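Please walk me through this structure, strand by strand. I work at the bench, so keep it brisk.

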Amino acid sequence: MLKNLIYITLLLISFNALSQENSKKIDYENDRQYRDEEKYPGALVMSKVNNQVHFTHQGIEVWCNNAVFYESDNFFKAYGEVRMKQGDTVSMNSDYAEYNGNTQFAFASGTVKMERPQTTLETDTLFFDRVKQEAYYRSGGKVTDTASVLTSTIGRYYFEEDKYTFLSNVKITNPDYVVNSDHIDFYSESGHAYLYGPSTIEGEESTVYCERGFYDTRGDTGYFVKNSKIDYDNRTVLGDSLYFDRNKSFASATNNIQVIDTANNSKVTGHYAEVFREKDSVIITKWPVASSLQDQDSVFIHSDTLLVTGKPENRILRGFYDVRMYKSDMSGKSDSIFVNQQDGITKLININPGENSATSVKRNPVLWSGLNQMTGDTIQVISNKETEKLDSLRVFNNAFLINKDSIDGFNQIKGQILIGLFEENELYKVDIDKNTETLYYSRTEDKDLIGINKTLSSRIEVYFKERQIEDVYYYQAVDGNLKPEEQVLESNRTLQGFNWRGDERLEKKQDLFKGKEPPELVKIQGIPLPEQIDDFFDEREDGDMLLNENSRLRPQDLKDKARDSIPSVPEIPQGIQEDPATFNSLKSEQEESTKEKDTVTNPKASLKIE
């Protein structure tokens, strides 16, 4: 009993091993076949009559018009209208193909076309490793996606991830844009593309550059890091991280951003920006600074938020909350600012006038030119558009001019409206109109104090020399007198509304941020580097050749190269369809042996004679 059980077990093991071995063999069906040991030693030569030659092997099927099958090596060459199918998701057409059943490695050439549910790959030479489930080309290929066409010199497809890796001269062509890169990883199902190395996305109205980035080719949105920038017709956006949405004509930049206005020779920096191209607007926050060149001198404007709007010929800059302005010969502060770059007009404004709190006073516009301080509800500075030099300034409502005396005290002038004129960017004349008052320290040419002059009048003209008051002229309804210093009490040495803010004056560019804490920058979520790409042509551990010694490829062909060098498609084997006499002469001597061999080795094989 025990012997019988052992015998049955061994029989089952042997049968199972035989079944497994048979399952590794390539099955075939054909209409006609013959052997020619001189031309094809050890091979069956097959051809189509009504039906194509058909091979099956472990989930793959191949059809062709002609084939040379090395049965003992489990290897075949397929010629003419070759079709290869793996499951329901992969099909491939070509003019020629080879397949090694031992290594499950295939090679196709000619007009190769591989189709997947989302993409179609076209090339002239394609390698297919069924063990790795990877396909590879190096002679140039084209992948047609539902939204785009992708081309490259080298390409690799990973079936399980539904992913392409494109290398060398990579290009994505879409009706709305063109992408060029050195390396793109593309996922077919989602249409997501990862860009590595110098890459551009060029559309009709914008060009994106990055050295590492992500782009949704179907949704037309992207995220870019490492030396990234977006170029519009007249504006360039840079930042540590850029986001781009073509559908909304929107872009945003994060950390160390720059928005460069090429049309107006100006720039805004900060740590966050949003760009709306169709609206010609940009909003910048987190330590934003706008800078522009004016008469070979830079003007810097900082506020909590900066907004740039309008076409290049009518660009408007607005700043909101805690505005600070610096130029080498002038500085200022206000609650808000308005700059028309084309007209050369700058307005300093308090958008919450009427409040008397300490905070509100800080918001009131103030402008310093040397030791001259000007305040009022609104201050307007005008530049000459031709020379770019300062032309004039206007202070509306509650105008107050304070000039720090060369020795002690403050010269003061107040009224409703103040108009100042500049010469070579230096304030040389001020007119103050309506209900004017002055308090003026009168001195000799040697700077000796004569007395303190306190006067009321309808209008006053003040002339400056080297940023100091040189002459004062009073017009209409003049009422005042000059008193010795000792006769003027300290409490009477300031006019009502006096507020010297010299400690707030900006003396250098760095004062734009004086007293402010640096913003906490957002941590940029980077894009991982591409995975290390292993050699596609690695030998099997058991030493089997990837193809076969009867392959038309040489061993050196099965190495990764910069470009392919495989010769053109070989000629179809002669002597089957083209020469029926040859086939009939061989038939009689092979008929019996073929029937017997086919019955043992492949019950499906059949020999049909038309």
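This is a predicted model. Start at the hairpin of S35 and S36, which has five residues between its strands. In that turn, Lys-447 has a positive phi of about 75°. The two strands pair in the antiparallel sense over 13 bridges. S36 covers residues 449-465. One pair to look for is Ser-442 with Gly-451, the latter lying in S36.

S35 also has a partner on its other side in sequence. Strand S34, residues 410-423, pairs with S35, residues 426-443. The sense is again antiparallel, here over 10 bridges. Leu-421 faces Lys-429 of S35 across this pairing. S34 and S35 form a hairpin too, with two residues between them. Glu-424 sits in that turn and has a positive phi of about 55°.

Now look at Leu-449, a residue of strand S36. Is Leu-449 buried or exposed? Neither term fits: buried needs under 20% relative accessible area and exposed needs over 50%. Leu-449 has 27% relative accessibility, so it counts as partly exposed. Beyond its sequence neighbours up to four places away, Leu-449 touches Tyr-441, Ser-442, Arg-443 and Glu-485. Asp-408 lies 41 residues from Leu-449 in sequence. The C-alpha atoms of Leu-449 and Asp-408 are 9.8 Å apart.

Go back along the chain to strand S12, residues 141-144. Its side chains alternate. Gly-141 and Val-143 point to one face and are buried. Lys-142 and Thr-144 point to the other face and are not buried. In a regular strand, side chains take turns between the two faces of the sheet.

S12 has pairing partners in S10 and S13. Strand S10, residues 120-129, pairs with S12 in the antiparallel sense over four bridges. There, Thr-120 has Thr-144 of S12 as its bridge partner. S13, residues 149-152, runs antiparallel to S12 and is joined to it by four bridges. Lys-142 stands opposite Thr-151 of S13. S12 and S13 make a hairpin with four residues between them.

Another hairpin joins S22 and S23, with four residues between the strands. Asp-280 takes a positive phi near 50° in this hairpin. S22 spans residues 266-276 and S23 spans residues 281-285. They run antiparallel, joined by five bridges. Phe-276 stands opposite Ser-281 of S23. S23 also pairs with strand S26, residues 305-309, in the antiparallel sense over five bridges. In that pairing, Ile-283 stands opposite Leu-307 of S26.

Next comes the open space. Rolling a water-sized probe over the atoms shows where space is left empty. The largest pocket has a volume of about 690 Å³. Which residues lie nearest its centre? They are Ser-292, Leu-293, Gln-294, Val-339 and Gln-341, out of 36 lining residues. Strand S24, residues 289-294, gives the largest share of the lining, with five residues. By type, the lining divides into 16 nonpolar, 13 polar and seven charged residues.

Finish with the cysteines. How many disulfides does the structure hold? The count is zero. Cys-64 has a relative accessible area of 0%, so it is buried. Cys-210 has a relative accessible area of 1%, so it is buried too. The cut-off behind both calls is under 20%.

Methods. Residues are numbered from 1 along each chain as its sequence is written. This is a predicted model: local features need pLDDT of at least 70, side-chain atom pairs count only at pLDDT 80 or more; totals for chains, interfaces and linings use all residues. Side-chain values use heavy atoms; hydrogens and water are left out. A disulfide is a pair of cysteine sulfur atoms within 2.5 Å. Buried means under 20% relative accessible area, exposed over 50%, partly exposed in between (1.4 Å probe, protein chains only). Two strands pair if DSSP finds at least two bridges between them. Contact means heavy atoms within 4.5 Å. On a 1 Å grid over the protein atoms alone, a cavity is a set of points where a 1.4 Å probe fits but cannot get out, and a pocket is an open set with protein on both sides within 12 Å along at least five of seven lines; lining residues have an atom within 4 Å of a point. Grid points are joined across faces, edges and corners, and a volume is the space filled by probe spheres set on the points. Ala, Val, Leu, Ile, Met, Phe, Trp, Tyr, Cys and Pro count as nonpolar, Asp, Glu, Lys and Arg as charged, and the others, Gly among them, as polar.
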